[in-house]
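Notebook open, viewer up. I want to go through one helix, one helix pair, the salt bridges and one tyrosine, in that order.

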Amino acid sequence: MTYIIEPQLRHFTSILTFTTPVSHHDPASNLDANVTLFRRSKLLIERKAVTVPPESLINDLVARFPVPASLAEVLETSGLAADDFFAIVFVKSFIHLFNGQGLMDGISRYTLLGNRLKFAAVRATSIYEAWGFLCDEMQVSVGGFVDDALSRFLLMPQVLSAATLDRIVNNAASVVALARNWHEFAKADEPLQTITMPLPELSDNKQVVVEVPSFSPNSVRHEVLREPGMWHMLNALDLNMNDLPDSVAALFYNGGDLNKGGESAIYKLTRQIKEAYPLLGLLSGATDAFILGTSNIEVNCWLICRENNTALANYGATTEISIFDLLDREEMTRHNGGRVDTKPMPFGFEVLAAGTQLLVDMRLRPYATELETGAVSAALQTYVNGDSTLGGQSARGFGLGSMQIVELPPNAETALQAYEQYLTEHRDKLRQGLLDGTLTTGKRVLS
Amino acid sequence: MNVILLDELRDYEVRYAALPMQPLKITCELLAPVAHYHNVHFDGILSYAAMEEATQGRMVAQSSDYYTVPLPIKTVWHSGLGVPLHAVTDMQPHSSNVQDVIYYHRRALEPTMTKKTIRTTQGRHKEKRTPIPASVTSALVCYAYGNMEEIGRLLQPMAAVGKKHNTLGTVKRWLITPVEYFSFVDKEHHARCPLPLAALYGDDKMPFDMIMECKHLGFTSPYWHWMSKSTCVDTGRYVSKEHLSLDLVLR
């Protein structure tokens, strides 16, 4: 007997549909590609395959791709299996076929191939599909080719396809390097010889790690909750950011920062501050000398795409659309500002297409108060009625969204009224607490 | 320094002492990556849940004193300072586990929002990007010797685990399954959680070679508190079978 416990918390669940493309890039991205990629996170994905092909078919397919002599022995003694070999064949065939178009000119083109190869393999469910994606990604003219071995290769059985794609995803850089060597040796007219490779371990259920575009929940927490919550409170108190000391503004805008230590009676001060300002009870932050403790809300979000179906099934929001089908590119030009622009600088970045949806789930901790619940409602209302953007470059028109609320706690409406009434009734005290940095405690906690 | 039992938790201590206990496997199914610098400690999660419930979310003041939290898990040993070791292992990835790094971006106040010009490249308003190590896995698993119903009840509000749980470590559901036996070690006799040498071998029989292998680690919740720390065999390290004075297996 298994005892199943599904966490019981009050949810604010919504679906945000973007009406303009979304730009959201990872500050840590260091890929040497000529476009800035959309933020990506690792994800475990199950590739379903059907039947395991016979050994003879795999051996026959390996034999159809004779290898230059100097690579043959290395490959045979490398410990690599046939799926690794097929990954190299895939790239070697691509280089061989399209190099005539001047595609692979210089090392940077191989770096580019490595990056795009990985994304093509991640998107695809078969080698056949991956070939098409890679042609698109590398912007080559598809053309026709007469190559029986390659035709058979591209139409390899599904389970072998999944294993090969797995090898490409996990070893893209090595695969490209070996494929390039193969191509160079072949160009030097080295004799070719047929090799045998060990059979891969094939199963009918393959779990692979892929890097998929994702949205940062921390970004959602800021843009949908913290910042609109702050604007709502400041409006209710008839204040604006410029009225506040920097550290008070920072506390509400980004959580603030510790500046010194040694404060005493922290527990009492923390309780007073969190009770006086429900938004801080909800989201926490740091005064000059102490942290306000854990926040009373947990936020997460998932782009609505089939890669996230495991999580989305929990909310009844599964889909068959792949996130890679929603990826698009924007190209822009930065001008130098001169009267005659002699050196405009083009730049590009990935976006998710308009129509992309994001499921946002916010969960209140069990002892979040009614006023804190009201603060969430107020933040959401301000977000929906305010700028309603998520992600970067909103000034250029990116990331405009339309939010549809799916689930609210039963008391969301009354809690909002109670919160607004609280802000009105305690307006002077709360205003003064912000302006003098005491946060109503009678002791200056923010300088 | 004292070991403090809050008044609000005295009732828990009495109730838990009378509960029937059994070996359990606890699975935490996840919907998001889990951020953690060390293993996720299941007794830490239960302690948080019990403390949050007992204090109605108020928790306690920061203090150098050690607050002990009764758990519906068997206590197998007490340190010389009175700190308990519970029959529970660390949470480990269920199957595939991929390490990732998630960057937290602390936004700088925009200078236009304030009267003063704020420097975002240095000082307290510096824009920060903090890397957080995270595990991408479908579930975490641990073992315990405890009371299934009470553990399940305490887990009901626990909807996220690990560091930065306000945006990461989202829990889909918890599964608690009775198993044949509980063990502090795996089949290769490697520790499944930090185990104090004093608990394993007694104060006077610590094998010298084991001491050289060990680290000063927390062995019970709160793991950061100095009273919770001792010379321990770390998770994944071999536990010598000689001179053992602790029953590593409970049925």
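**Helix α8 of chain A**

I checked the length first: helix α8 (residues 172–187) of chain A has 16 residues, which at 1.5 Å a residue should span 22 Å, and its end C-alpha atoms are 22 Å apart, so the two agree. Note to self: this is a predicted model.

Next I asked which residues of α8(A) are buried. I got A:Ala172, A:Val175, A:Val176, A:Ala179, A:Trp182 and A:His183. Looking down the axis of α8(A), I find these buried residues within an arc of 125°, so they line one face of the helix. The spacing fits the textbook picture: an α-helix has 3.6 residues a turn, so residues three or four places apart point the same way.

What covers that buried set? My list for α8(A) includes β4 (67–68), α2 (69–76), α3 (82–98), α4 (107–123) and α7 (158–170), which belong to chain A. I also looked just past the helix: α8(A) is followed by A:Asp189, which has a positive phi, near 60°.

**A helix pair in chain B**

I moved on to helix α2 (residues 42–54) and helix α3 (residues 148–155) of chain B, whose axes come within 9 Å and cross at roughly 70°. That crossing makes α2(B) roughly perpendicular to α3(B). From α2(B), the contact is made by B:Phe42, B:Ile45, B:Leu46, B:Ala49, B:Ala50 and B:Glu53. From α3(B), I noted B:Ile151, B:Arg153, B:Leu154 and B:Leu155.

**Salt bridges**

How many salt bridges are there over all chains? I count 22 in the structure. I opened a few of them.

In chain A, I looked at A:Asp60 with A:Arg64, a salt bridge whose closest N and O atoms are 3.1 Å apart. A:Asp60 is partly exposed at 36% relative accessible area, and A:Arg64 is also partly exposed, at 28%.

In chain B, I looked at B:Arg10 and B:Asp7, which form a salt bridge with the closest N and O atoms 3.2 Å apart. B:Arg10 comes out partly exposed at 43% relative accessibility, while B:Asp7 is exposed at 60%.

Then I took B:Glu29 and B:Arg173, whose side chains meet in a salt bridge at 2.8 Å, N to O. B:Glu29 sits in strand β2 (residues 22–30) and B:Arg173 in strand β12 (residues 171–178), both of chain B, so the pair ties together parts that are 144 residues apart in sequence. Buried or exposed, I wondered about B:Glu29? At 17% relative accessibility B:Glu29 counts as buried, because the cut-off for buried is under 20%. Its partner B:Arg173, at 24%, counts as partly exposed.

Last of the charged groups, I traced a network: salt bridges with shared partners join A:Glu298, A:Asp361, A:Arg363, A:Arg365 and B:Glu52.

**B:Tyr66**

I finished on B:Tyr66, found in strand β5 (residues 66–67) of chain B. B:Tyr66 is buried, with 1% relative accessibility. What is B:Tyr66 in contact with, leaving aside neighbours within four places in sequence? I wrote down B:Asn2, B:Val3, B:Ile4, B:Val83, B:Pro84, B:Thr220, B:Ser221, B:Pro222, B:His225, B:Met227 and B:Ser228. I also took one distance, to B:Gly162: B:Tyr66 is 96 residues from it in sequence and 22 Å from it in space, C-alpha to C-alpha.

Technical notes:
Residues are numbered from 1 along each chain as its sequence is written. Chains are lettered from A and ligands numbered from 1 in the order in which they are written. This is a predicted model: local features need pLDDT of at least 70, side-chain atom pairs count only at pLDDT 80 or more; totals for chains, interfaces and linings use all residues. Side-chain values use heavy atoms; hydrogens and water are left out. A salt bridge is a side-chain nitrogen of Lys or Arg within 4 Å of a carboxyl oxygen of Asp or Glu. Buried means under 20% relative accessible area, exposed over 50%, partly exposed in between (1.4 Å probe, protein chains only). Helices (H or I, at least four residues) and strands (E, at least two) are DSSP runs, numbered from the N terminus. The expected span of a helix is 1.5 Å times one less than its number of residues. The arc is that of the directions from the helix axis to the C-beta atoms. Contact means heavy atoms within 4.5 Å. Axes are lines fitted to C-alpha atoms, for helices over the stretch in contact, and angles run from 0 to 180 degrees between N-to-C directions. Angles under 35 degrees count as roughly parallel, over 145 as roughly antiparallel, 65 to 115 as roughly perpendicular and the rest as oblique.
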